[in-house]
Amino acid sequence: MRVSLQHLILCILVGLAGPHLVYGQVSVIANPSVPIDSLDRSDLLDLYSGDKKIWSDGQPVVVLDLKPRSGLKDAFYKYLGKSSSRMKALWLKKKLSGEGDPPASFENEALLLEHLKETPGAIGFVGFSFANETVKTLLVIPPEGS
Amino acid sequence: MFRSIGLLLLLLWALPESASAQQGERPLQLFGYFQNQFQRQIEVEDAKVPGIINRVEQFDRTITSFSVQQLNLFLQKDLSQRWSTFINFEVLNNFSSSRRWGAYNLEEAWIKYRYDRRFSLRLGLQVPTFNNLNEIKNRTPLLPYIVRPLVYETSFNEIFSIDEYTPERAFVQTYGFFSPGPLKVDYALYVGNSPNINNWDDQNRKSEEQQTGIDTTATMLVGGRLGLRVNNLKGGVSLTRDFTNSFKGTEVLFGGPHDRFDELARTRLGADFSMTLSNFFLEAEYIQVSYHENDYPGTTSFNLSRAFYYVTLGYEFRERLQFYLSYWFIKERLVFLDNQDKAIITIPNVGLSYLVNDSIRLKAHYAYGKVDFEEHDTPPTTQTINILALAVSVVF
């Protein structure tokens, strides 16, 4: 098969960009038991920074994260206005001050989704195509630049 | 006092806890961190020789040492959704009881009730909120520094009294924040012991009172912080007031009644500011300590002031490497009769910190310190300190 020069250059550029490629839409999802149907950036930051720990119905908030650094994770934290490292520092400060634990983190979106479906009060984020009718979609973060 | 206790008991009784909130008990957690370091320190002191013009004698020494600078062990248990407990043990400086090295302290032991973000109440031994760094000054994994900014560095206690600048302990603290729009307004209010704690007298092998560790007065420390957060900006002001007996016995110098320096009022005023902008971070704090007494006509006024500030500017590269420049300053001044005692400490410093992973942080720090002392009736002295330190900080 003949490969055009433009195609080859495009593949090289995609390979170099690696996990920092601009990501598509990110879906913020929650267990169906969560007593809200939508939220905004400020609410989301409160949840992920540990400022809000209990839902309005008294359920504990369970925040989920992805472990490896990826375009999806970068896009999510960029939307919150914080880098991944700053969020980690914030969680570590809370942990070492007795004010809360970091989110549970998962190796990939499938594992996160599975845990979220089984955990009342859980909230997390996945790529748009991962969200389905078994979970609540609270917010869709548009791609960067859109 | 009994009315205050009664109000507190009423408040605790009235705190609501729903059935679902009583769930949420979690197993006991054990975790902690330690920081090991290597430090090379060069001290040089220039003392002017009295009576000989331009004659300066110099004394110097160099120290290199490895040490387990600090280890903290935490126990935490969530008793329910709203109640949790926390205990913090700390060991310092190669602690060894048989060799009498270092120290072992109970740093925190408290129980917390959290109603919501607006109201939490902690009861028990705790580090009070004051400026930005006080609560986390001993949380070495959180700090890029190895040597901490002056008043937050316990090893500088031999040079000046660091606990004059920051409140070390409180026993009741309420805190939280309110969110009017995009702003977050933080508050904290606390009470604790005065600084007049009964110590064990090692030389005479006795203590003043029957128990050590107790406050020997009926006064208390009260204090608090009010802060604002918006986006990546944070700032606040802090205030404490307590009463100190540390100047008792100096009435002979200043005149006045024999109890002139009993429970001298002390006020600490602090201000803090921090921000992040892209990969840059900036932190700054200011602390002023003042002492207040009644006027005594015909006697020498007691005029002691202490001031401290630091500024740190840093850059984070690829979320792993931090580089920073920092400047620390202290000025202490005591004026009485026609004399003035003064000490000025300036320390510019620079450092690097590298996050190997979520648990391990490597640090390098260089500080150049200059200490100028002026005491009445003695020649002024200047001391310089060069410190190069390397450390690894581990969270487990």
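Leaving aside its neighbours within four places in sequence, which residues is B:Pro149 in contact with? In this predicted model, the partners are B:Leu133, B:Tyr310 and B:Trp328. To find B:Pro149, look in the loop of chain B that lies between strand S5 (119–126) and strand S6 (170–178). A residue counts as buried if 20 or more other C-beta atoms lie within 10 Å of its own; B:Pro149 has 25 such atoms, so it is buried. Another way to place B:Pro149 is by its distance from B:Asn131: the two are 18 residues apart in sequence, and their C-alpha atoms are 13 Å apart in space.

**Two loop residues in chain B**

Chain B also offers two residues with a positive phi that are not glycines, B:Glu263 and B:Arg318. The table sets them side by side.

| Residue | Phi | Loop in chain B | Exposure |
|---|---|---|---|
| B:Glu263 | near 50° | between helix H3 (251–254) and strand S12 (264–277) | partly exposed, 17 other C-beta atoms within 10 Å |
| B:Arg318 | about 55° | between strand S14 (303–317) and strand S15 (321–336) | exposed, 8 C-beta neighbours inside 10 Å |

**The sheet of chain A**

Now turn to chain A. Here five strands make an open sheet with mixed pairing, in the order S3-S2-S4-S1-S5. Strand S3 (104–106) and strand S5 (136–141) of chain A stand at the edges; each has a single partner strand, so one side of each is left without a neighbour in the sheet. From one strand to the next, the twist averages 25°. Strand S1 (residues 26–30) of chain A runs antiparallel to S5(A), and five bridges join the two. To follow this pairing residue by residue, you can start from A:Ala30, which stands opposite A:Lys136 in S5(A).

Helix H5 (residues 109–118) of chain A packs on this sheet, where it touches S1, strand S2 (62–66), S3 and strand S4 (122–127) of chain A. The direction of H5(A) makes about 150° with that of S4(A).

**Two more helices of chain A**

Which residues of helix H3 (residues 71–80) of chain A are buried? They are A:Leu72, A:Lys73, A:Asp74, A:Ala75, A:Phe76 and A:Tyr77. Their cover includes S1, S2, helix H4 (84–96), S4 and S5 of chain A. Just after H3(A) comes A:Gly81, with a positive phi of about 85°.

H4(A) has 13 residues and spans 18 Å from its first C-alpha to its last, close to the 18 Å expected at 1.5 Å a residue. Its buried residues are A:Met87, A:Trp91, A:Lys95 and A:Leu96. Seen down the axis of H4(A), these residues fall within an arc of 160°, so they line one face of the helix. Helix H2 (41–48) and H3 of chain A are among the elements that cover them. After H4(A) you will meet A:Gly98, whose phi is positive, near 75°.

**Where the chains meet**

How many residues does each chain bring to the contact? Chain A gives 18 residues and chain B gives 21 residues. On the side of chain A that touches chain B, H4(A) supplies the largest share, with eight residues. By kind, the residues on that side of chain A are five nonpolar, eight polar and five charged. H4(A) thus appears twice in this account: its buried residues are covered in part by H2 and H3 of chain A, and the helix also contributes eight residues to the side that touches chain B.

How values were computed: Residues are numbered from 1 along each chain as its sequence is written. Chains are lettered from A and ligands numbered from 1 in the order in which they are written. This is a predicted model: local features need pLDDT of at least 70, side-chain atom pairs count only at pLDDT 80 or more; totals for chains, interfaces and linings use all residues. Two strands pair if DSSP finds at least two bridges between them. Helices (H or I, at least four residues) and strands (E, at least two) are DSSP runs, numbered from the N terminus. Axes are lines fitted to C-alpha atoms, for helices over the stretch in contact, and angles run from 0 to 180 degrees between N-to-C directions. Two residues are in contact if their C-beta atoms, placed from the backbone, lie within 7 Å. A residue is buried if 20 or more other C-beta atoms lie within 10 Å of its own, exposed if 12 or fewer, and partly exposed in between; C-beta atoms are placed from the backbone. Ala, Val, Leu, Ile, Met, Phe, Trp, Tyr, Cys and Pro count as nonpolar, Asp, Glu, Lys and Arg as charged, and the others, Gly among them, as polar. The expected span of a helix is 1.5 Å times one less than its number of residues. The arc is that of the directions from the helix axis to the C-beta atoms.
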